[in-house]
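Q: I'd like to go through this one asking why each label is used. Can we start with how the pieces get their names?

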Amino acid sequence: MLHQQQLKKKRSLTSHVSEEACAGLHPSGAALGSIEKRVTGWYTRYCRKGEGKHQLMLSLTTLRDPQHRNFSRVHCGGTRIRSRWILTAAHCDESDLTVLEGRQPDTAIMRRIVEKVKYPGHDLMLLKLRRRTRSHGKTKAELPDLNCATPPLGEEVDFFGSQDAYINQTGHMFSYNAGTLRCGKMEVCNCSTHYGNNRTFCGMALHVDGNAGDSGSGALWNNKLYGVQVSGPITFNTGPTHFMDLCNRPYRQWIFNTAEV
């Protein structure tokens, strides 16, 4: 009973987020230097075994150690939607972009990209791999149907990433490799800012934030892929995280026409 009361109290701290536009949730009185996003939040943790198997890392071949053949840093994230198709953010593109399959960049398997397809003028990109990735079990994210609707305000979405951040006394975030896949939750709220001409929905939660190194990672609602992380604040909990809204009909149709899913 005590646990339930504590949980209700904790949940009440984030319940106001969805009632109005995403406002800053700067944790006043906290020692910012000791806060690490996705670590101290009540809805954050290391992903359990079997979770996030759709999540892939994107890195650059220039970040590969020629002696040990491992990758020193994750550049972005991505979501496997078919055995050869990965959905990510277009701003993640680089000439030497490569896909890493696994939970840690130093032990992941490199998958080569043979085709990049971008949604014209918007921050979405599909990557086609040279070979199929492992397709047994739940290794890809299921997409909602073509006539889907954006997750409603107040609903929780699950998001994933391989990065974490140290936060200094001014709230500025400095990302680093978390060492393994991390899971977090955010509440859907009205976007207080625009992300260019892109159609997005926004999320926010106390002590949880997006990370620059996790751009391109997916947001799941009811175990289906509804968003792609593309933008967030530079300082901790001072603004919303934007997710590309995959229920925007032109986006959803483009995915279907390109990857046939």
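A: Sure. A helix here is a DSSP run of H or I with at least four residues, and a strand is an E run of at least two, both numbered from the N terminus. The model is predicted, by the way. Helix 2 covers residues 249-259, and just after helix 2 comes Glu260, with a positive phi of about 60°.

Q: What makes one side of helix 2 a buried face?

A: Start with who's buried: Tyr251, Arg252, Trp254, Ile255 and Ala259. Looking down the axis of helix 2, those buried residues stay within an arc of 160°, so they line one face. That set of residues packs against strand 3 (76-82), strand 4 (85-88), strand 7 (113-118), strand 8 (125-129) and strand 14 (241-245).

Q: Why is strand 3 called largely enclosed?

A: Buried means under 20% relative accessible area. Six of the seven residues in strand 3 are buried, so the rest of the structure largely encloses this strand.

Q: How do you know which strands pair with strand 3?

A: Pairing takes at least two bridges found by DSSP. Strand 2 (residues 55-60) shares four with strand 3, in the antiparallel sense, and Gln55 sits opposite Thr79 there. On to strand 4: strand 3 and strand 4 share three bridges, antiparallel too, with Arg80 partnered by Ile86. Both counts reach the cut-off, so both count as pairs. A hairpin of two linking residues takes strand 3 into strand 4.

Q: What makes strand 6 and strand 7 the edge strands?

A: The open sheet has seven strands in the order 6-5-2-3-4-8-7, with antiparallel pairing. Strand 6 (109-111) and strand 7 each pair on one side only. From one strand to the next, the twist averages 35°. At the strand 6 end, strand 5 (residues 97-101) pairs with strand 6 over three bridges, and Glu101 has Ile109 as its bridge partner.

Q: Ser83 is in the loop between strand 3 and strand 4; is Ser83 buried or exposed, and how do you know?

A: Ser83 has 13% relative accessibility, so Ser83 counts as buried, the cut-off being under 20%. Arg132 is 49 residues from Ser83 in sequence, but their C-alpha atoms are 5.0 Å apart.

Q: Why is the contact between Arg82 and Glu260 called a salt bridge?

A: The cut-off is a side-chain nitrogen of Lys or Arg within 4 Å of a carboxyl oxygen of Asp or Glu. Arg82 and Glu260 come in at 3.8 Å, N to O, so the pair qualifies. Arg82 belongs to strand 3 and Glu260 to the segment after helix 2, so this pair ties together parts that are 178 residues apart in sequence.

Q: Is each partner buried, partly exposed or exposed?

A: Exposed means over 50%. Glu260, at 61% relative accessibility, is therefore exposed, while Arg82, at 33%, is partly exposed.

Q: What about the Arg48 and Glu51 pair: how do you know that's a salt bridge?

A: Their closest N and O atoms are 3.9 Å apart, so the pair falls within 4 Å. Arg48 is at 52%, so Arg48 is exposed; Glu51, at 24%, is partly exposed.

Q: What makes Lys224 and Glu142 a long-range link?

A: Lys224 and Glu142 form a salt bridge at 3.7 Å, N to O. Lys224 lies in strand 13 (residues 224-231), Glu142 in the loop between strand 8 and strand 9 (156-167), and 82 residues separate them. Another set, Arg80, Glu101 and Arg111, is joined into one network by salt bridges that share partners. The structure holds nine salt bridges.

Q: Which residues have the most contacts inside the largest nonpolar core?

A: That core has 38 residues, and those with the most contacts inside are Ile81, Leu87, Leu124, Leu127, Leu225, Leu246 and Trp254. Beyond its neighbours within four places in sequence, Leu124 touches residues including Leu87, Val117, Val228, Met244, Leu246, Tyr251 and Trp254. There's also a second, separate core of 13 residues, Cys148, Ala219, Tyr226 and Cys247 among them. In soluble globular proteins, nonpolar side chains tend to be buried together.

Definitions and conventions: Residues numbered from 1 in each chain as written. Predicted model: local features only at pLDDT ≥ 70, side-chain atom pairs only at ≥ 80, totals over all residues. Heavy atoms only, no water. Buried < 20%, exposed > 50% of the residue type's maximum accessible area, 1.4 Å probe, protein only. Arc of directions from axis to C-beta. Contact = heavy atoms within 4.5 Å. Core = buried A, V, L, I, M, F, W, Y, C linked by side-chain atoms within 4.5 Å. Axes fitted to C-alpha atoms, helices over the stretch in contact; angles between N-to-C directions.
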